[in-house]
Amino acid sequence: MNRSLIAVLAFAAWSVGMFGTGWAWRGDRADGAEARQQAGASAAVMEQVNQTRATEHTQADKLAAIGVKHEEDRAAAQAVPDAVVAELRAGTVRLRHDLATCHTDRLSEAAAGAGERDAPADLGVTIAGPAVGIGRDADDQLRACQAVVAADRAEMTP
C-alpha cells in the first residue's frame with residue numbers, strides 16, 4: 001500500500017508541478033507578446049513625434065527666414081525717406097499736385113501767395129520723405145505677413 005500511495009502522491013505532485021509550469025510559461029508568453037505589441041506601438045508613436053518635430057523645425061526655419069528678411073527690409077527702409085528728400089531737392093524726382101485741381105476755393109489764396117511759391121513746395125519735400133517711409137514700412141510689414149500666411153498654408157496642405 002505504501003508503494004501505491006507514494007505513486008499517487010508523486011503523480012499528483014508531478015501534475016501540480018506541470019500545471020504550475022504551464023501556467024507560468026503561458027503568462028511569460030503573454031507578457032512577451034504584450035511587450036512586443038507595446039514596443040511596436042511606441043516605435044510608431046516615436047516615428048510620428050519625429051515627423052511632427054521635423055515639420056515644426058522646417059516651419060520655424062521658414063518663419064525665421066521671413067523674420068530675418070523683414071528685419072533687413074526695416075533696416076534698409078531707414079534710408080528711404082532721406083533719399084526721397086534728397087532726390088526731391090536735387091530735382092531728379094518731382095511731386096505730383098493732383099489734388100490742387102480739386103480745391104478751386106483756394107485759387108484766390110494761391111494767387112495771393114504767389115510770392116511764397118517755394119515755401120509750400122519745400123513743405124511738400126519735407127513731408128514726402130516721412131510719407132514714403134511710412135508707406136515703405138507698411139508695404140514691408142504687409143509683405144512679411146503675407147509670407148507668413150503663405151508659409152503656414154503651404155505647411156497645412158498635404
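Helices are DSSP runs of H or I with at least four residues, numbered from the N terminus. His70, shown in a close-up below, is found in such an element, helix 1.

**Figure 1. Overall organisation of the predicted model.** The chain contains four helices and zero strands, and its elements follow the order α-α-α-α from the N terminus on. Of the 158 residues in the chain, 11% are buried. The chain exposes about 12,900 Å², of which carbon and sulfur atoms supply 62%. When contacts between residues at least 6 apart in sequence are considered, 93% join residues at least 24 apart.

**Figure 2. Confidence along the predicted chain.** The mean pLDDT of the chain is 78, and 77% of its residues reach 70 or more. Among the elements, helix 1 (residues 2-77) has the highest mean pLDDT, 85, whereas helix 3 (residues 107-112) has the lowest, 54. Where pLDDT is low, the predicted coordinates should not be read in detail.

**Figure 3. Nonpolar surface patch that includes Trp14.** Phe11, Trp14 and Met18 make a nonpolar surface patch of about 370 Å². Trp14 has its place in helix 1. The relative accessible area of Trp14 is 52%, and the residue is therefore classed as exposed, the cut-off for that class being over 50%.

**Figure 4. Surroundings of His70 in helix 1.** With a relative accessible area of 12%, His70 is buried, because this class comprises values under 20%. Beyond its neighbours within four places in sequence, His70 is in contact with Asp140, Gln141 and Ala144. With one of these residues, Gln141, a polar contact is also formed: the side chains of His70 and Gln141 approach to 3.2 Å.

**Figure 5. Surroundings of Asp73 in helix 1.** Asp73 is buried, its relative accessible area being 12%. Once the neighbours within four places in sequence are set aside, the contacts of Asp73 are with Arg136, Asp140 and Arg143. Asp140 also belongs to the contacts of His70, which links this view to the preceding one. Which residue makes a side-chain polar contact with the side chain of His70? That residue is Gln141, at 3.2 Å.

Terms used
Residues are numbered from 1 along each chain as its sequence is written. This is a predicted model: local features need pLDDT of at least 70, side-chain atom pairs count only at pLDDT 80 or more; totals for chains, interfaces and linings use all residues. Side-chain values use heavy atoms; hydrogens and water are left out. Helices (H or I, at least four residues) and strands (E, at least two) are DSSP runs, numbered from the N terminus. Buried means under 20% relative accessible area, exposed over 50%, partly exposed in between (1.4 Å probe, protein chains only). Contact means heavy atoms within 4.5 Å. Accessible areas come from the Shrake-Rupley method with a 1.4 Å probe; for residues, only the protein chains shown count as cover. pLDDT is the predictor's confidence in each residue, from 0 to 100. Patches are made of residues with over 30% relative accessible area and no salt bridge: like charges are joined within 9 Å, nonpolar side chains (Val, Leu, Ile, Met, Phe, Trp, Tyr) within 5 Å. A salt bridge is a side-chain nitrogen of Lys or Arg within 4 Å of a carboxyl oxygen of Asp or Glu. A polar contact is a pair of N or O atoms within 3.5 Å; within protein, one must be able to donate a hydrogen and the other to accept it, and residues adjacent in sequence count only if both atoms are side-chain atoms.
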